[in-house]
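Good morning, everyone, and thank you for making room for me in the meeting. Please have a look at the chain on the screen, and then I will take you through it step by step.

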Amino acid sequence: MTAATWGGPALTGHGAHKAEAVTPPVAMTADDLSTWQTNGVVWAMAQSEGVVFVGGTFSTIRPPGSAPGADERRAVNFAAFNAATGEPADCRLDFTVGSGLATVRALAVSPDGDTLYVGGNFAAVNGTSVSRVAAIDISSCKVEPGFSMSVSSTVHALAVTDDTVYLGGDFTSIEGEDRERFAAVTRGGDLKPWAADADSTGSAVEVTPDGKSVVLGGDFNRVRGADSHALAVVDADSGALKRSYPRYFVPRNSAIKGIYVDETGIYTAHEGTGGGVFDGRIALDLDGFGQRWRDTCLGATQDLVVYKRVLYSSSHAHNCRSMGEFGELNERQHLLAQSVDNPTPLLSWFPDTDDGPSNVEQVGPRVMTVSSRGGADYLWVGGAFSRIQSSGNKPQQGLTRFTTGPDTRAPTVPDPVTATNYSNSVRVSWPASTDLDDSALTYRVYRNGSSQPVYTVRANSVFWDRPTVTFTDTDVRAGTTYSYRVTASDADDANTSARSESASVTRPGTPTETTLERAASADAYVNGAATSSTYGTHQQLAVRGSSAYLSYLRFGVPAAPRGMVLKDAKLTVTTSSDPHAATDDTVDVVPVTGNWSEAEVTFAERPTLGSGTLGSLEGAPDGNTAYDIPLSVSAVNSSVGGTLDVALTSSGTDSLWLWARENGGTGPRLTLTYGKP
């Protein structure tokens, strides 16, 4: 199968990319990627060769950003997607039933990648009669007619080896022969004598890497007549019990919803009801199938997957205090990550969905899988959710996905920053920021508008534990006012927050010098290629000589304190994150003598410029970087007590893109130092 609009990896311009700006061992970023949506619940996922198969209870799919009912495409309980783009692949299948509710609850791909096995409650696939289980030839996207059998009730789980398909569900017979909740058939669809009868629902079935054992999960109490609640390990050839789990190994009011097995171990996802529930995850060793660890977070776990020795899980966790992690939350946390070696601490990976609409069981995500395409790996998540809370509560129904990088989201801006006099110093403090996939953040403190930090420190934080970070500035003078702003950066300084709001303090005593910082009160750029357009509300400013861009800035210039005069002035500008933000060209700061307003200035009606320059920037080679431009003190002095209007101009051909004041704390700033004559 090929995606209808396949054009390479979704990571435009990057291709294959390792994880960046995350705290190891996490290898997936928390940035959700653009993905098509469903109009209902996603219950099952499987993948093959970069195509992700999705099953559930839905009737249509629609593009990302489209509201329910808009731009929909028919997809009855099944869809296939390109793992790298999030867009539909060519395979289209409808799973239907004559009466009642049709649903797809299980998907599994054969080890050779040729066949997709589908289980659930349905009676036909694209009009071809089947009975709750079907085999699909992946290359042609057609039902394999030879794989046909009658299953008495819903199939919830599938696992496939080279020669066997294992089934779990609510059924009690297959082809009229007794098979209680678990069964095995050949790849061709013939019933095997294998039997691992359970007394209630089989929700999960997985085969160990050596192919010798089958791990069963569900809501049963007995397997092959033995006491074994929710979990059992049986022989892959006969179904004989190899390990039972009696005596409340899994509490009686808890069931298993999902199982993941790989070379690192066996991992189980649990859902409980009532008091004393067990909603967490258990890790079992492959040698002997004994417990390696368990966590006790509350909030039913639905599924899990291991990627590079990290266990990613979907749940609606709301209290992990029993593990020394977060306490009761007002909002649930639906996605978590843990080391396969130890459930604590929870790793720094906290993307989040909502619970889902009111007409579904509100548990949020229900299923996960990892697929590779174009040199990148993608973690797909499906369920009943309708929004991505970690992405501004963005509407997104049923499906979302993540990848290995690059991470593009900056940590939160440090807030609030406070500055207080302390002994012979100034103490600056702020609560640690948060980042959804990085707990180890680097903070930089900038004093009096400088482009270079006076202090750098690293601190750990997670959303429920944000320690206070402090800096003690001992290089201070009596009677002098100091202002401080702080940024937070993630690993490798890949992403940096805007500068915080300024915190100011005046040292006691008679001042000899003071420095004041002022943000632009207005800024805008004009475009020679769009002479009547306004750009005053844009988050960026632009400068270029050929095919001209000019930027205009306005600052209020405070009057000099009594007995002082202006001693120094500088303009600080910050290049944006635009790929073309940097420039090697010289940018001049020139006075503006004509009138202009941020809302109305255009290239055609641009203000008159004065003669001479106030200062120059000899290139800005890096993006997301602050640059200081020393200004002529005598020129700025004429604006003291009033306003200073300047333009940024260039005679070169390389554009410069800067953050505007609308972007927050990284807009243009004027720093003025006053002192005794």
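I will begin with the chain as a whole and then turn to two of its sheets.

Before anything else, please keep in mind that this is a predicted model, in which local features need pLDDT of at least 70 and side-chain atom pairs count only at pLDDT 80 or more, while totals for chains, interfaces and linings use all residues. Residues are numbered from 1 along each chain as its sequence is written, and side-chain values use heavy atoms, with hydrogens and water left out.

How many helices and strands does the chain have? There are 1 helix and 54 strands, where helices (H or I, at least four residues) and strands (E, at least two) are DSSP runs numbered from the N terminus. The C-alpha trace spans about 100 × 55 × 40 Å along its principal axes. Of the 677 residues, 58% count as buried, meaning under 20% relative accessible area with a 1.4 Å probe and protein chains only. If we take contacts (heavy atoms within 4.5 Å) with a separation of 6 or more, 60% of them are between residues 24 or more positions apart.

As for charge, the chain carries 52 positive and 75 negative side chains, and the centres of the two sets lie 5 Å apart; Lys and Arg count as positive and Asp and Glu as negative, without His and the chain ends, and each charge is placed at NZ of Lys, CZ of Arg, CG of Asp or CD of Glu.

Now to the sheets, where two strands pair if DSSP finds at least two bridges between them. One open sheet has 4 strands in the order β40-β39-β42-β43, with antiparallel pairing. Why is one side of β40 and of β43 left without a neighbour in the sheet? β40 (455–460) and β43 (503–506) stand at the edges, and each has a single partner strand, so one side of each stays free of a neighbour. Strand β42, residues 481–489, pairs with β43 over 4 bridges in the antiparallel sense, and there S483 has S504 of β43 as its bridge partner.

A further open sheet, also of 4 strands, runs in the order β44-β54-β48-β51 with antiparallel pairing. Its edge strands, β44 (513–519) and β51 (626–630), each pair on one side only. Between β44 and β54, residues 669–675, there are 7 bridges in the antiparallel sense, and E517 has T671 of β54 as its bridge partner.

Conventions. Buried < 20%, exposed > 50% of the residue type's maximum accessible area, 1.4 Å probe, protein only.
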